[in-house]
Every structure is written in C-alpha cells, then in structure tokens.
Amino acid sequence: MISHTGTLFNDGPVRRVVEAALRAQESQGALDLNDELRRFVRTTCAADTSRWLFPVASVAALLDHTADLFRSEGAAFFPRTFTERLDKARDDVPGDEYLRTLASLIRVVDQEPDAGFADLSLADWEAAARFPELFGFGANWIYDGEYPLLSDSIAAFIEAEHPFCSETFSRLAADAQSVLVLFPEPAALSANVTRWIPWASHDALREITRRIDDHMRTEHSGS
C-alpha cells in the first residue's frame, strides 16, 4: 500500500476542489460547478506565492493521482472524511472517474482568461480566503459591540497588538488596501465584499490603512 498522510486529502487543493464540487451539488442548481472551479483557480492564482508553491497544473495532476489511488486501492485507502465529501459530490459517478473529470475541468479553466469580478462575483468562501484579516478584525473587534465606533475598535486593536504588531498590522493593512484597489466603485464593493464583510466600507478601510500607517511611522519608524 502507498503510504500517505490524511492531510494530503483532508486539507489543501484536493479538499478545496472536492468542496467546490460539493457546494455546486448541494446548491440544487443555484451554483454552477464550472463557476466554482473558476473561483478556485482565481483564488489560487491571486498571489505569486501560491502560484509558485502549487500551480493549477499541479492541482490537476494531484487529482489525477488521487483518482489512480482510488481505482487501485479503493475507498478504504483514504481518510473517511475525504470519501464522505467525495461520495456526496460525485452522486452515482465512480470515484476515480469523477476525480478525473474534476482534473480535466480544472485544466480547461486554467487555460481561460482569469475570471473578472464583474463577470463572476466573489463568493463567501473566496472572500474569507483572500481577506482573512478583515474577517478576523470584524469578529474580534466589531461584531460583539464592545466599541461604539469603528475608530474605537481600531484604537483598541492597535493598543492590544503593540509593540508586537508589525506582522499583524501589515496583513490587515494589506487586506484593506487590496479591497480598495480591487473594488474602487461602491457597487463593486457591495457585490463582492460588504455582502460578506458588512463593516468594510471604503471609508472604514481607508481609516484602517491611515491609522496603521500613522502608528507605524510614529512608533516603528526607527527615527
């Protein structure tokens, strides 16, 4: 038997692709599988680092390899949680055949132009993957209602993280700036971001970047 660790199938790209297929399957037609795979490819290619670490062609190859294992070793070879996801997604299609179909679809999508946000809006899972610091800031500093104003939330965040704040601040500022650049128009921001992160208006994101920049210049400029 080929040895493996469960995380190869329970986390990472194989899981994400199967989950994309499962979302489409369980949506009863509300979601299109090809669109979910286009979102997956768009997210995978969003950063140079992710493209360098695991290009989309390697994702498709890993799906083919998983299909080979499924055919040669059977379902018992895999972690139960993986086969449960796959069984729900594939319906009555044999597991190895379904995985090869997903690999083929991924290759086709990878040859197409990147999906634009005007054509294919950001999904909730995609927003969480691309802007995790904005989700975390809302959960930790806004949604519990401890601070009446956004400015109070930002001040509390800065105070709590200082002086070990360089990494945390840079990630939050980067998420905020990315959203401002990607979605400069109110309609685009609403369709892609604030539907999932309600507090993240243009003004709120600008205030975060400004306050972080002010803090870093004042407290960490080295002068």
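In this predicted model, helix 11 passes helix 13 in a left-handed crossing. The two helices pack at an angle of about 145°, and their axes are 9 Å apart. On the side of helix 11, the contact is made by Ser166, Phe169, Leu172, Ala173, Ala176, Gln177, Val179 and Leu180. Helix 13 contributes His202, Leu205, Arg206, Ile208, Thr209, Ile212, His215 and Met216. Sorted by character, the residues of this contact comprise 10 nonpolar, five polar and one charged.

Helix 11 and helix 13 also turn up in the surroundings of helix 10, where the cover over the buried residues includes helix 9 (132–141), helix 11 (166–182) and helix 13 (202–219). The buried residues of helix 10 in question are Ser153, Ile154, Ala156, Phe157 and Ile158. The length of this helix can be checked with simple arithmetic: at 1.5 Å a residue, the 12 residues of helix 10 (residues 150–161) should span 16 Å, and the end C-alpha atoms are 17 Å apart, which agrees. Just beyond, the peptide bond from His162 to Pro163 is cis, with omega near 10°. Pro163 itself sits in the loop between helix 10 and helix 11.

Aromatic rings come next, and the model holds 11 aromatic pairs. In one of them, the ring centres of Phe117 and Phe183 are 4.9 Å apart with the planes at 65°; angles over 60 degrees count as edge-to-face, so this pair is edge-to-face. Phe117 belongs to the loop between helix 7 and helix 8 (124–130), and Phe183 to the loop between helix 11 and helix 12 (186–194), so that the pair links distant parts of the chain, 66 residues apart. Both Phe117 and Phe183 are buried.

Trp141 and Phe157 form another edge-to-face pair, 6.0 Å centre to centre and with 75° between the planes. Because Trp141 lies in helix 9 and Phe157 in helix 10, the pair ties together parts that are 16 residues apart in sequence. Trp141 is buried, with a relative accessible area of 15%, and Phe157 is buried as well, at 5%. Ring pairs link these two residues with Phe137, Tyr147, Phe169 and Trp199 into a cluster.

Two loop residues deserve a word for their backbone. Gln28, in the loop between helix 2 (13–26) and helix 3 (33–44), has a phi near 55°, a positive value in a residue other than glycine. Gln28 is exposed, with a relative accessible area of 78%. Asp91, in the loop between helix 6 (80–90) and helix 7 (95–111), likewise has a positive phi, near 60°. With 48% relative accessibility, Asp91 counts as partly exposed.

Note on methods. Residues numbered from 1 in each chain as written. Predicted model: local features only at pLDDT ≥ 70, side-chain atom pairs only at ≥ 80, totals over all residues. Heavy atoms only, no water. Helix = DSSP H or I, 4+ residues; strand = E, 2+ residues; numbered from the N terminus. Expected span 1.5 Å × (residues − 1). Buried < 20%, exposed > 50% of the residue type's maximum accessible area, 1.4 Å probe, protein only. Contact = heavy atoms within 4.5 Å. Axes fitted to C-alpha atoms, helices over the stretch in contact; angles between N-to-C directions. Left-handed = near helix turned anticlockwise from the far one by under 90°. Nonpolar A, V, L, I, M, F, W, Y, C, P; charged D, E, K, R; others polar. Phe/Tyr/Trp six-rings, centres within 6.5 Å; stacked < 30°, edge-to-face > 60°.
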